[in-house]
Amino acid sequence: MPATEFLPGLFIRGFEPPARLADYKLVAFDMDSTLISIECIDEIARAAGRYDEVAAITEAAMRGEIPDYKESLRRRMALLAGVPEAALHQVYEQRLQLNPGVEAFVAACQAAGLKTMLVSGGFSFFSERIRHRLGLDFARANSLGIAGGRLTGTLLERPWGDIVDGAEKLRVLLEVAELMGIEPSQAIAVGDGANDLPMMRAAGLSIAYHPKPAVAEQAMVAITSGGLDRALDVLRT
């Protein structure tokens, strides 16, 4: 189904706006390039002088050109072995910013009674800080291996596995919806890259923020200019 340009830089497909925000009960956000302005792994690589190699893999993965996200992440992680842990703090303090409109949109969701969740293929070092900063209810992300103050180039095994990929994002959304006693159709999923598509397809409303082409072609709402709060132009609060 082709998208309609509802307003300049704001495209819709598959529904008639405005939808009522309070009809939804859960919103799941991607983190890197969605809630925040950077891809954290790329910025860690920049601090380590390995940006070009890592960023090329990240971009290909987000476009869907590397279908195995786990493999793409392991390849990037291996390039970061030996990077000082201090580089993580440097990225958070000097490079990481919330995207425009994020705080307004999250606050609107919270005011409407939605539970808020961050589910990221990035790293818990950053996701936990963003969770606290925005007052989100839940978060899941990958945990970096660190030994002797340096990255090991690996990720820690968790009860659910070691890497949050598209399948895990979907599983988390479905599991949290079930625990809340709601249908996936009562969830909103917000993302920008190929590994967000599984949870976006399952949700009742999918919002793509400055998305990669494959995501823009499928999202119910695609924001190609302006901030994330532009989603409120098609949602009644």
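This is a short tour of the structure in your viewer, one selection at a time. Keep in mind that you're looking at a predicted model.

**Stop 1: strand E5**

Start by selecting residues 115–123, which make up strand E5. Is this strand mostly covered or mostly open? It's mostly covered, with 8 of its 9 residues buried.

Now add the strands that pair with E5. Strand E4, residues 26–29, runs parallel to E5, and the two share 4 bridges. To see one of the bridge pairs, pick Ala28 and Met117; Met117 is the partner in E5. Then bring in strand E6, residues 138–142. E6 and E5 are parallel too, joined by 4 bridges. Here you can pick Val119 together with its bridge partner in E6, Arg140.

While you have strands on screen, here's a general point to look for: in a regular strand, side chains alternate between the two faces of the sheet.

**Stop 2: helix H6**

Next, select helix H6, residues 124–134. Which of its residues are buried? They are Phe125, Phe126, Ser127, Ile130 and Leu134. Show what surrounds them, and you'll find that the cover includes helices H1 (40–47), H4 (86–94) and H5 (102–111), along with strands E5 and E6. Step just past the end of H6 and click Gly135, which has a positive phi of about 70°.

**Stop 3: the nonpolar cores**

Keep Phe126 selected and add Ile207 and Leu235. In the largest nonpolar core, which has 58 residues, these three touch the most other members. Helix H5 gives this core its largest share, 5 residues.

Zoom in on Ile207 and show its contacts. Leaving out residues up to four places away in sequence, it touches Phe105, Ile188, Ala189, Val190, Gly191, Met200, Val221, Ile223, Leu228, Ala231 and Leu235.

There's also a second, separate core, made of 21 residues. Among them are Met117, Trp160, Ala177 and Val215. You've met Met117 already, as the bridge partner of Ala28.

**Stop 4: the cavity**

Time to look for enclosed space. How many cavities of 30 Å³ or more does the structure hold? The count is 1. The largest cavity takes up about 140 Å³. It's lined by 17 residues, and to find its centre you can select the closest ones: Asp32, Glu39, Tyr69, Gly121 and Gly122. The elements giving two or more residues to this lining are H2, H3 and E5. E5 gives the most, with 4 residues. If you colour the lining by class, you'll get 5 nonpolar, 5 polar and 7 charged residues.

**Stop 5: the pocket**

Now for the largest pocket, with a volume of about 160 Å³. Select Ile66, Pro67, Asp68, Tyr69 and Asn195, which are the closest to the centre of the pocket out of its 13 lining residues. Tyr69 should ring a bell, as it was also one of the closest residues to the centre of the cavity. Which helices supply at least two residues each to the pocket lining? Look at H2 (51–62), H3 (69–79) and H7 (166–180). By class, the pocket lining has 7 nonpolar, 3 polar and 3 charged residues.

**Stop 6: some loops to click through**

Before you start, some background: most residues other than glycine have a negative phi, and most peptide bonds are trans.

- Pro18 sits in the loop between strand E2 (10–12) and strand E3 (19–20). Check the peptide bond from Pro17 to Pro18, which is cis, with omega near 0°.
- Ser33 is in the loop between E4 and H1. Its phi is positive, about 70°, even though it isn't a glycine.
- His210 lies in the loop between E10 and H9. This residue isn't a glycine either, yet its phi is positive, at about 45°. His210 is partly exposed, with a relative accessible area of 36%.

**Stop 7: Lys212**

Finish with Lys212, in the loop between strand E10 (205–209) and helix H9 (213–216). Is it buried or exposed? Its relative accessible area is 13%, so it counts as buried. Which residues is it in contact with? Leaving aside neighbours within four places in sequence, Lys212 contacts Glu59, Met62, Arg63, Asp192 and Gly193.

Notes. Residues numbered from 1 in each chain as written. Predicted model: local features only at pLDDT ≥ 70, side-chain atom pairs only at ≥ 80, totals over all residues. Heavy atoms only, no water. Buried < 20%, exposed > 50% of the residue type's maximum accessible area, 1.4 Å probe, protein only. Contact = heavy atoms within 4.5 Å. Core = buried A, V, L, I, M, F, W, Y, C linked by side-chain atoms within 4.5 Å. 1 Å grid on protein atoms, 1.4 Å probe; cavity = no way out; pocket = protein on both sides within 12 Å on 5 of 7 lines; lining within 4 Å. Points joined across faces, edges and corners; volume = space filled by probe spheres on them. Nonpolar A, V, L, I, M, F, W, Y, C, P; charged D, E, K, R; others polar. Pairing = 2+ DSSP bridges.
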